[in-house]
Amino acid sequence: MFLTRGLALWLLLAAFDAQAVSIAGHEFAERINVPGVGNNLRLSGAATLDRNFVPFYAAALYLPASVRTLEQLQSGLSPYRVTLVWQIPELDEGRVDDYWRKAFAEAAGSSRLGRIKSNVERFVEVFGAARHGQVILFDYIPDAGMRIFVDDKPAGQLAGVEFNTVLLSIWLGDKAPRDFRTALTAGLTPN
């Protein structure tokens, strides 16, 4: 009996791990391995962000199984990964910088923005021009901060819980598009 249950559980887990979600032509794996965290991050949800009715980027949110609510995620005490895939044909460096600065300003508000401004400027310096299909990984590990990879190459690392909670708010905060936020947090229990 145990062998049958164990085999059934193994087959179920193997099938679960093999599933992927396709958004805007990009495959997001159901589970991923993040260095420093391990292979326990699961896909919470994925969506495409549109700007002026044009796909801007596709994104996926990965969380440990222990993170069950948005409040728990926003505490800054749990690791996560956001995978972003640019969908626009091309965006020059100045416009990429402007996008991120505006996104931080909206997510932070004026009082918080002042406290994280130096990290925002260091963050903006990480990126150059964007091109269709370019993949950016945002790996947050509470003890190490935010590690950023552009097309699998290390691009920067920024510490600070407040900075990282504001970055997460760009995608999951009150100012984020509701459908986008809802799709990314589909694997969480509503607060």
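Which residue in β4 is the bridge partner of I32? In this predicted model, the residue that takes up that position in β4 is L41, and the pair offers a convenient way into the fold. Three bridges connect β3 with β4, and the two strands run antiparallel. Three residues lie between the strands of this hairpin, where G36 adopts a positive phi near 90°. Along β3 the side chains alternate, with I32 and V34 pointing to one face, where they are buried, while R31 and N33 point to the other face and are not buried.

From this hairpin the reader can move out to the whole sheet, which is open and consists of seven strands in the order β3-β4-β5-β6-β9-β10-β11, paired in antiparallel fashion. Its edge strands are β3 (31–34) and β11 (153–158), each of which pairs on one side only. On average, neighbouring strands of the sheet are turned by 25° against each other, direction ignored. Within the sheet, β5 (residues 54–64) is joined to β6 (residues 80–86) by six bridges, again with the strands running antiparallel, and Y62 stands opposite R81 of β6.

Helix α3 (residues 93–125) lies across β4 (38–51), β5, β6, β9 (135–141), β10 (145–150) and β11, and runs at about 100° to β11. The same helix supplies the largest share, twelve residues, of the largest nonpolar core. That core has 48 residues, of which W100, F123, F138 and W171 touch the most other members. Leaving aside neighbours within four places in sequence, F123 is in contact with W100, F104, F138, I148, L158, F163 and L167. Apart from this core lies another one, of 14 residues, which includes I23, V34, Y62 and L137; V34 has already appeared among the buried side chains of β3, and Y62 as the residue opposite R81.

W171 deserves a separate look, and its place is in helix α4 (residues 161–172). Is this tryptophan, W171, buried or exposed? W171 has a relative accessible area of 1%, and because residues under 20% count as buried, it is classed as buried. When residues up to four places away in sequence are not counted, W171 touches Y57, V82, L84, W100, F138, A176, F180, R181 and L184. With Y57 there is also a polar contact between the two side chains, at 3.1 Å. The C-alpha atoms of W171 and L61 are separated by 9.5 Å, although these residues are 110 residues apart along the chain.

A polar residue, Q134, can be followed in a similar way, starting from its position in the loop between β8 (130–131) and β9. With a relative accessible area of 9%, Q134 falls under the 20% limit and is therefore buried. Not counting residues up to four places away in sequence, Q134 touches L84, V85, W86, A129, V150 and D151; L84 is also one of the residues touched by W171.

How far these details can be relied upon is a matter of the predictor's confidence. The protein averages a pLDDT of 87, and 90% of the residues score at least 70. Among its elements, β6 has the highest mean pLDDT (97), whereas helix α1 (residues 2–18) has the lowest (33). Over residues 1–18 the pLDDT is below 50, and this stretch has four contacts in the model beyond near neighbours in sequence.

Notes:
Residues are numbered from 1 along each chain as its sequence is written. This is a predicted model: local features need pLDDT of at least 70, side-chain atom pairs count only at pLDDT 80 or more; totals for chains, interfaces and linings use all residues. Side-chain values use heavy atoms; hydrogens and water are left out. Two strands pair if DSSP finds at least two bridges between them. Helices (H or I, at least four residues) and strands (E, at least two) are DSSP runs, numbered from the N terminus. Axes are lines fitted to C-alpha atoms, for helices over the stretch in contact, and angles run from 0 to 180 degrees between N-to-C directions. Contact means heavy atoms within 4.5 Å. A nonpolar core is a set of buried Ala, Val, Leu, Ile, Met, Phe, Trp, Tyr and Cys residues joined through side-chain atoms within 4.5 Å. Buried means under 20% relative accessible area, exposed over 50%, partly exposed in between (1.4 Å probe, protein chains only). A polar contact is a pair of N or O atoms within 3.5 Å; within protein, one must be able to donate a hydrogen and the other to accept it, and residues adjacent in sequence count only if both atoms are side-chain atoms. pLDDT is the predictor's confidence in each residue, from 0 to 100.
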